[in-house]
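Work through these short exercises with the model in view. Try each task before you read its solution.

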Amino acid sequence: MATNKLNDIEGIIIKEIKYRNTSKILKMITPDLGKISIMAQAAYRNNSPLSSITGNYSRVRYNLSRGKNFYYIKDGILEENNFFLSKSMELLVISGFISEFIDRTTTDESPERDIYFLLISFLKEIKKNNQFCRAALIAFLLKYSSFAGFKPRLRGCKICKDTNKDLFNFIIDEGGTFCMDCIISGRDAYTLSRDELIFLDRLLHLPMKVSAENFRDYSDRADMKKMMSLALDYNLYNFEIEDLRITKWLDRIDFI
């Protein structure tokens, strides 16, 4: 890869691992290089110029060089530190979940523009409105599955196309909803009211900012824990992941 291609690389750090006594290995999601591993040498030393630009969830711009196993930071600037994620247990769990989820579902050095800008939108909205965290996470997972090629069908019954029934069943391995007249027998499903189905469809299709506004309209009519479990199970099924280590913490903060 040509050197000039490694200048002014924008990204968000999704994971940091201490390496030896003074260095750290960073996992960073970028729009053009995808997920990359970066060695931040001596980042833990006193007065290191890297200490302020290598924090978890920092949005940064780096000038990089390429080594055998890692990229290396020549210099960089901090665009946003996202320190707000450490202000509550709920935000810590959400950020930890997103980090593990992205790390498990992306491959190294495969461009991820949609996912990168989805992450930026997600962080922006939960920073503005902490009460939107649960709906934002559901929207993130639904949009993420769509970008990965697993877009769920949430507009009425997948067979008869009826959108006016009172209840629908979302079947994970079918990737869509079915009315009670067309339900496929013998398969586990999430039962959704018409309002819940409309809400999920809006979380999937509308921009994150507009989804936040819709959250206020539907939050009192929707079972948010059920919809969070649906979005999570759907992604785990399609990415063939048995479980995530941090899932138990989502349960502890009453998200699932």
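**Exercise 1. Check the length of helix 3, then find how enclosed the helix is.**

Solution. The model is a predicted one.
Step 1: Count the residues. Helix 3 has 15.
Step 2: Compare spans. From first C-alpha to last, helix 3 reaches 21 Å, close to the 21 Å expected at 1.5 Å a residue.
Step 3: Apply the burial cut-off, under 20% relative accessible area. In helix 3, 12 of the 15 residues are buried, so the helix is largely enclosed by the rest of the structure. Among them are Ala136, Leu137, Phe140 and Lys143.
Step 4: Look just past the end of helix 3. There Gly149 takes a positive phi of about 95°.

**Exercise 2. Repeat the span check for helix 2 and helix 4, and list buried residues.**

Solution.
Step 1: Take helix 2, residues 113-128. Its 16 residues should span 22 Å at 1.5 Å a residue, and the end C-alpha atoms are 23 Å apart, which agrees.
Step 2: List what is buried in helix 2. The residues are Ile115, Tyr116, Leu118, Leu119, Phe122, Leu123, Glu125 and Ile126.
Step 3: Turn to helix 4, residues 194-205. Its 12 residues reach 16 Å, close to the expected 16 Å.
Step 4: Pick out buried positions in helix 4. They include Glu196, Phe199, Asp201 and Leu204.

**Exercise 3. Describe the largest nonpolar core and place Phe122 in it.**

Solution.
Step 1: Recall a general tendency. In soluble globular proteins, nonpolar side chains tend to be buried together.
Step 2: Size the core. The largest nonpolar core holds 62 residues. Phe97, Ile98, Leu119, Phe122 and Phe140 have the most contacts inside it.
Step 3: Find the main supplier. Helix 3 (residues 133-147) gives the largest share of this core, 10 residues.
Step 4: Trace Phe122. Leaving aside neighbours within four places in sequence, Phe122 is in contact with Ile94, Ile98, Ala136, Leu137, Phe140 and Met208.
Step 5: Note a second, separate core. This one has 17 residues, including Ile38, Ala43, Leu50 and Tyr71.

**Exercise 4. Which residues lie nearest the centre of the largest pocket, and which helix gives the most to its lining?**

Solution.
Step 1: Start with volume. The largest pocket contains about 320 Å³ of space.
Step 2: Go to the lining. It has 18 residues, and Ile14, Asn56, Tyr57, Gly96 and Ser99 lie nearest the centre.
Step 3: Assign the suppliers. Strand 1 (9-19) and helix 1 (89-105) each supply at least two lining residues. Helix 1 gives the most, with 7.
Step 4: Sort by class. The lining has 5 nonpolar, 7 polar and 6 charged residues.

How values were computed
Residues are numbered from 1 along each chain as its sequence is written. This is a predicted model: local features need pLDDT of at least 70, side-chain atom pairs count only at pLDDT 80 or more; totals for chains, interfaces and linings use all residues. Side-chain values use heavy atoms; hydrogens and water are left out. Helices (H or I, at least four residues) and strands (E, at least two) are DSSP runs, numbered from the N terminus. The expected span of a helix is 1.5 Å times one less than its number of residues. Buried means under 20% relative accessible area, exposed over 50%, partly exposed in between (1.4 Å probe, protein chains only). A nonpolar core is a set of buried Ala, Val, Leu, Ile, Met, Phe, Trp, Tyr and Cys residues joined through side-chain atoms within 4.5 Å. Contact means heavy atoms within 4.5 Å. On a 1 Å grid over the protein atoms alone, a cavity is a set of points where a 1.4 Å probe fits but cannot get out, and a pocket is an open set with protein on both sides within 12 Å along at least five of seven lines; lining residues have an atom within 4 Å of a point. Grid points are joined across faces, edges and corners, and a volume is the space filled by probe spheres set on the points. Ala, Val, Leu, Ile, Met, Phe, Trp, Tyr, Cys and Pro count as nonpolar, Asp, Glu, Lys and Arg as charged, and the others, Gly among them, as polar.
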